[in-house]
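Dear colleague,

I am passing on the structure below for your consideration. My notes on what was found in it follow directly after.

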Amino acid sequence: SERNAAEEERETTAPAENDAAESENLMLLEEDGIGEAIAFYSPRTAVSNLSGHTLFCLPDGTVEARGSNAYGQCMTQDWRNMVAVAAGQKHSLGLRADGRVYAAGDDYYGQCQTGSWSRITAVAAGYDTSFGLCADGTVVACGDVERYADEVASWTDIRAIAVLKEDRGLVALNGDGHILYAGVEEEMPEISGWDDVEWIDCGYMQGWDLIGLTEDGRVRTAQLAEYTPYVSGDYEETLYYGGLDAWEDISQISITGTPGIGVKKDGTVVFGAEADERLQEEVGTWTGLLAAVSVSSFDSPCVMGLQEDGTLLQYVHNSGNTQLADMKSLSWVQAVEDGMEGGILAGTADGQLLTYGSGILIDSLERELQARGISHGDFAGYAGTWAYQSKNGTIYGRDFEESWSEPNVIQGIQLW
């Protein structure tokens, strides 16, 4: 049948732009004795970010992970022959060139149970869900998917998949250019005419939005649902990714954070309309890129890039009082993070508190220290959302409740 012929062609044919990557994949697989390559490296799936950790699939088939490793989601150092990655909330997926899928991190809902999957050509991850696109155009799933697993299993002739944020369901592009949806939402708009799209993803623009990337580098967008902003007091969350439809010659795009960012086929970057001038000046000088991702938000933008030679680049909006190069003569150093916000604190031998990083955490720390009249030199470190100084220099925090009543704890600072 025509469908079977199309499926066979999709299984055996790699995009022309991936010829070099295909040759390298085949060579690596032959050296390792793994088998036939059916999945191929692409900048579009070389970087993935969600909820505090970021994955980079390097051109040599290894995977670098950055960010929170609280559940082991960054334990990817032994992965080889990988061609794509997908980051969930607390787990990670890696697609091997022979169509097998590796997983690391939290497995509470069974989202890491991918060992039986085979002949997978693309992967997607949600908060507690994992999905694989099979070479025959069907989709496999594991994790917290009971509510819509049967519908996903019924799909055929699927070309691309993407998880709707907050695990609201799975979106798929079929061979006819129609968008399919399975999940917890009662209604989704009819979207068709996406025949020229090769890759899709979901993000927050003015709602749950869908983006698509065509072979010739154009960006398609569609709104799946209206977005209700988070409001607290005088603060109202606003998310906006402007100008994506005007982008051309794009090889990779990311809207997991703010600003939206794309990499052009010449290895340079373009930004959504919300990117500030400082970020554009610094990240705009990057060249030789395969992929880039924004891993933070308006108040504290952080952008990471992957170059063709495997080098990782990073831009952090620094709201601290120093630069990393100036952190010298230190008596202690502590990393701080809360989701996508974070930075580095350090104390010097002469009693100064040095701060480097992004956003609310560092600002809150500075305000609380000042309000409580605590000297920078007396502050000893940070843990969880609580920081404690003890007489012997030990740090006590939210994750160590049994230590809160210790008599040697003399000061506590709540940052949130």
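The accessible surface of the chain amounts to about 18,900 Å², and carbon and sulfur atoms contribute 44% of that area. Please bear in mind that this is a predicted model. The chain has 416 residues, of which 52% count as buried. Its secondary structure consists of 5 helices and 28 strands. If one takes the contacts between residues at least 6 apart in sequence, 44% of them join residues at least 24 apart.

Two sheets deserve a description, beginning with the one that contains S18. Here 3 strands, in the order S18-S19-S20, make up an open sheet with antiparallel pairing. Strand S18 (250–254) and strand S20 (269–271) each have a single partner strand, so they stand at the edges and one side of each is left without a neighbour in the sheet. From one strand to the next, the twist averages 25°. Between S18 and strand S19 (residues 261–264), the antiparallel pairing extends over 4 bridges.

Gln252 belongs to strand S18, and its bridge partner in S19 is Val263. With a relative accessibility of 2%, against a limit of 20% for burial, Gln252 counts as buried. The side chain of Gln252 also reaches the backbone nitrogen of Ala292, at a distance of 2.9 Å. Apart from residues up to four places away in sequence, Gln252 touches Pro43, Arg44, Leu213, Ile261, Gly262, Val263, Leu290, Ala291 and Ala292.

The second sheet is likewise described as open: 3 strands in the order S10-S11-S12, paired in the antiparallel sense. Strand S10 (158–164) and strand S12 (179–183) are its edge strands, and each pairs on one side only. On average, neighbouring strands of this sheet are turned by 20° against each other, with direction ignored. Strand S11 (residues 169–174) is joined to S12 by 5 bridges in the antiparallel sense; within this pairing, Leu170 has Ala182 of S12 as its bridge partner.

Beyond S12, the loop that leads to strand S13 (197–204) holds Trp194. Is Trp194 buried or exposed? Its relative accessibility is 3%, and burial is assigned under 20%, so Trp194 counts as buried. Leaving out residues up to four places away in sequence, the residues that Trp194 touches include Arg159, Leu173, Gly177 and Ile179, as well as Ile200, Leu210, Ile211 and Gly212. Arg220, Thr221 and Ala222 are also among the residues that Trp194 touches. For Gly212, the C-alpha to C-alpha distance from Trp194 is 8.1 Å, while the two residues are 18 apart in sequence.

A further residue to examine is Gln307, in strand S22 (residues 302–307). Its relative accessible area is 17%, which is under the 20% limit, so Gln307 is buried. A polar atom of the Gln307 side chain lies 2.9 Å from the backbone oxygen of Thr287. When neighbours within four places in sequence are set aside, Gln307 is in contact with Thr287, Gly288, Leu289, Leu290 and Leu313. Leu290 is thus a contact of Gln307 and is also touched by Gln252.

With kind regards

Key:
Residues numbered from 1 in each chain as written. Predicted model: local features only at pLDDT ≥ 70, side-chain atom pairs only at ≥ 80, totals over all residues. Heavy atoms only, no water. Pairing = 2+ DSSP bridges. Axes fitted to C-alpha atoms, helices over the stretch in contact; angles between N-to-C directions. Buried < 20%, exposed > 50% of the residue type's maximum accessible area, 1.4 Å probe, protein only. Contact = heavy atoms within 4.5 Å. Areas by Shrake-Rupley, 256 points an atom, 1.4 Å probe, with all protein chains shown as cover. Polar contact = N/O pair within 3.5 Å; in protein donor to acceptor, adjacent residues only side chain to side chain.
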